[in-house]
Amino acid sequence: IKFQGAYLNKQLPPRLGVPEVAFLGRSNVGKSSLLNRLVGKSDLARVGKTPGATASVNLYGIFDKVKTKGQQTSDANNSNNNKPLLGLVDLPGFGYAKLDKGTQQSIQDTAENYLAKRKELALGILLVDSRRVPTMDDKAVLASLYDMGLPLMVVATKADKFSTQVQVDKSLEVINRELGLPTGQPLCISVVSGAGIKDLWKIVLEAC
Ligand code: GDP
């Protein structure tokens with residue numbers, strides 16, 4: 001996996017020629033932790049980073065370890081000649097930031113530009129905190145993603161914060177009802193216990 005770069009405003013990341021899955025959610029929801037956990041790294045996406053540093057579209061490429069024809073070495077860290085398999089995209093948390101209107105608008109433009117124009121986008125994953133009742137912001141963001149006609153999936157983070165399964169189920173039920181989700185959503189995950197991570201990978205791969 002390799003960080004391909006951060007892109008702002010009307011800039012779009014370079015095309016890898018493979019499907020991409022985009023992750024969205026308010027700051028602190030656990031997006032960086034999830035990206036790190038999905039790829040089994042601890043420092044790929046910075047956890048608990050400073051607000052404002054998350055205004056860009058960040059693309060991570062996942063590459064096959066096998067080099068394309070004609071390459072001599074098999075250095076998996078050098079993705080330059082490795083075959084791309086999939087792109088993971090960390091989108092700025094639009095609609096949420098406690099920032100001034102101008103900054104908020106520019107974050108929104110950046111995210112919407114990617115969402116509207118990226119042909120490779122196979123799935124948008126909206127993260128919500130499993131302990132919180134979805135807010136108007138969550139509903140508005142989900143509605144605007146839905147209006148774009150994107151394949152969507154809602155994931156509830158930090159499931160390990162509950163002490164019983166009954167509490168987990170209750171909370172998932174509230175999120176399902178408040179956001180008007182289909183049966184089976186949100187998918188509940190925890191980067192601490194690993195709950196739901198394999199299921200999420202399966203969904204990501206199926207979407208791609
Ligand atoms: P982001 O702002 O959405 O990228 O959120 P981060 O990944 O930086 O996470 C925000 C905080 O939540 C950090 O302190 C993480 O350690 C914590 N966190 C993220 N995911 C989990 C989880 O599944 N369980 C627990 N207990 N904490 C989590």
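**View 1. Strands E2 and E5 in the predicted model.** Strand E2 (residues 20-25) runs parallel to strand E5, and six bridges join the two. One pair to look for is Glu20 with its bridge partner in E5, Leu121. Nine of the nine residues of E5 are buried, so this strand is largely enclosed by the rest of the structure.

**View 2. Strands E5 and E6 with helix H3.** E5 also pairs with E6, again in the parallel sense, over six bridges. Leu127 stands opposite Val155 of E6. Together with helix H3, the strands E5 and E6 form a right-handed β-α-β unit.

**View 3. The length of helix H4.** Helix H4 covers residues 165-179, which is 15 residues. At 1.5 Å a residue it should span 21 Å, and its end C-alpha atoms are 21 Å apart, so the expected and modelled lengths agree. Just after H4 comes Gly180, which takes a positive phi of about 60°.

**View 4. The two sides of helix H4.** Val168, Ser171, Leu172, Ile175 and Leu179 are the buried residues of H4. Seen down the helix axis, these buried residues fall within an arc of 100°, so they line one face of H4. Val166, Lys170 and Arg177, on the other side of H4, are exposed.

**View 5. What covers the buried residues of H4.** The cover includes three strands, E5 (121-129), E6 (152-157) and E7 (187-188), and one helix, H3 (136-147). Among these elements, E5, H3 and E6 are the parts of the β-α-β unit in View 2.

Technical notes: Residues are numbered from 1 along each chain as its sequence is written. This is a predicted model: local features need pLDDT of at least 70, side-chain atom pairs count only at pLDDT 80 or more; totals for chains, interfaces and linings use all residues. Side-chain values use heavy atoms; hydrogens and water are left out. Helices (H or I, at least four residues) and strands (E, at least two) are DSSP runs, numbered from the N terminus. The expected span of a helix is 1.5 Å times one less than its number of residues. Buried means under 20% relative accessible area, exposed over 50%, partly exposed in between (1.4 Å probe, protein chains only). The arc is that of the directions from the helix axis to the C-beta atoms. Contact means heavy atoms within 4.5 Å. Two strands pair if DSSP finds at least two bridges between them. A crossover is right-handed if, with the strands pointing away from the viewer, the path from the first strand over the helix to the second runs clockwise.
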